[in-house]
Amino acid sequence: AGMNTGSLHSASSQCPPRIMLAIEEDKDWLSDMDCLIRRNVEVFCATSEDVVTAQADRKYPITVGQVGIRCIHCALMEKN
């Protein structure tokens, strides 16, 4: 069965603004450095603005609704 790409696009508009990679249990399993890194990374759904921004510095194009990870600090800088 194929994937319904229409639902991907509608789902991308419903993504919460920030989904953190870190979870509370990280401290039980990971080093302090790994915990620090995970607290500064988010999972996101690419928007049309992300697609345009990425065109200049990516070898492979991204599409609206594509899921990725990014630094939370860099994500704020891109919007400003």
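What follows is a short chat about the fold, the sheet, a few glutamates and the largest pocket of a predicted model.

Me: What should I know before reading numbers off this predicted model?
Reply: Local features need pLDDT of at least 70 and side-chain atom pairs count only at pLDDT 80 or more, while totals for chains, interfaces and linings use all residues. Residues are numbered from 1 along each chain as its sequence is written, and side-chain values use heavy atoms, with hydrogens and water left out.

Me: OK. How many helices and strands does the protein chain have?
Reply: The protein chain has five helices and three strands. Helices (H or I, at least four residues) and strands (E, at least two) are DSSP runs, numbered from the N terminus. In that direction the elements run α-β-α-α-β-α-β-α.

Me: In what order do the strands sit in the sheet?
Reply: The order is β1-β2-β3, in an open sheet with antiparallel pairing. β1 and β3 are at the edges with a single partner strand each, so one side of each has no neighbour in the sheet. Two strands pair if DSSP finds at least two bridges between them.

Me: How many bridges join β1 and β2, and how many join β2 and β3?
Reply: β1 (residues 19-20) and β2 pair over two bridges, and β2 and β3 over five.

Me: Which residues are bridge partners across β1 and β2?
Reply: Isoleucine 19 is paired with valine 43 of β2, and methionine 20 with glutamate 42 of β2.

Me: And on the β3 side, which residues partner glutamate 42 and phenylalanine 44?
Reply: Arginine 70 of β3 is the bridge partner of glutamate 42, and glycine 68 of β3 is that of phenylalanine 44.

Me: Is glutamate 42 buried or exposed?
Reply: Glutamate 42 counts as buried because its relative accessibility is 1%. Buried means under 20% relative accessible area, exposed over 50%, and partly exposed in between (1.4 Å probe, protein chains only). Glutamate 42 is in strand β2, where four of the five residues (41-45) are buried. Over the protein chain of 80 residues, buried residues make up 21%.

Me: How far is glutamate 42 from histidine 73 in space?
Reply: Their C-alpha atoms are 9.8 Å apart, with the two positions 31 residues apart in sequence numbering.

Me: Which residues of β3 are on the covered face, and which on the uncovered one?
Reply: Gly68 and Arg70 are on the covered face; Val67, Ile69 and Cys71 are on the uncovered one.

Me: Other glutamates now. Where is glutamate 24, and is it buried or exposed?
Reply: Glutamate 24 is in the loop between β1 and α2 (26-29). Glutamate 24 counts as exposed, because its relative accessibility is 58%. Its C-alpha atom is 9.6 Å from that of cysteine 35, eleven residues away along the chain.

Me: What about glutamate 49?
Reply: Glutamate 49 is in helix α4 and is partly exposed, at 44% relative accessible area. The C-alpha atoms of glutamate 49 and valine 64 are separated by 8.8 Å, with the residues 15 apart along the chain.

Me: Switching to pockets. How much space lies in the largest pocket?
Reply: About 320 Å³. Of its 16 lining residues, Phe44, Ala54, Arg58, Ile62 and Ile69 are the closest to the centre. A pocket is an open set of points on a 1 Å grid over the protein atoms alone, where a 1.4 Å probe fits, with protein on both sides within 12 Å along at least five of seven lines; lining residues have an atom within 4 Å of a point. The volume is the space filled by probe spheres set on the points, which are joined across faces, edges and corners.

Me: Which elements supply at least two residues of the lining?
Reply: α4 (48-55), β3 (67-71) and α5 (72-79) do. The largest share, five residues, comes from β3.

Me: Any ring contacts: what lies over the face of phenylalanine 44?
Reply: Arginine 70 does, at 3.8 Å from the ring centre. A charge sits over a ring if NZ of Lys or CZ of Arg is within 6 Å of the ring centre and within 35 degrees of the ring normal.
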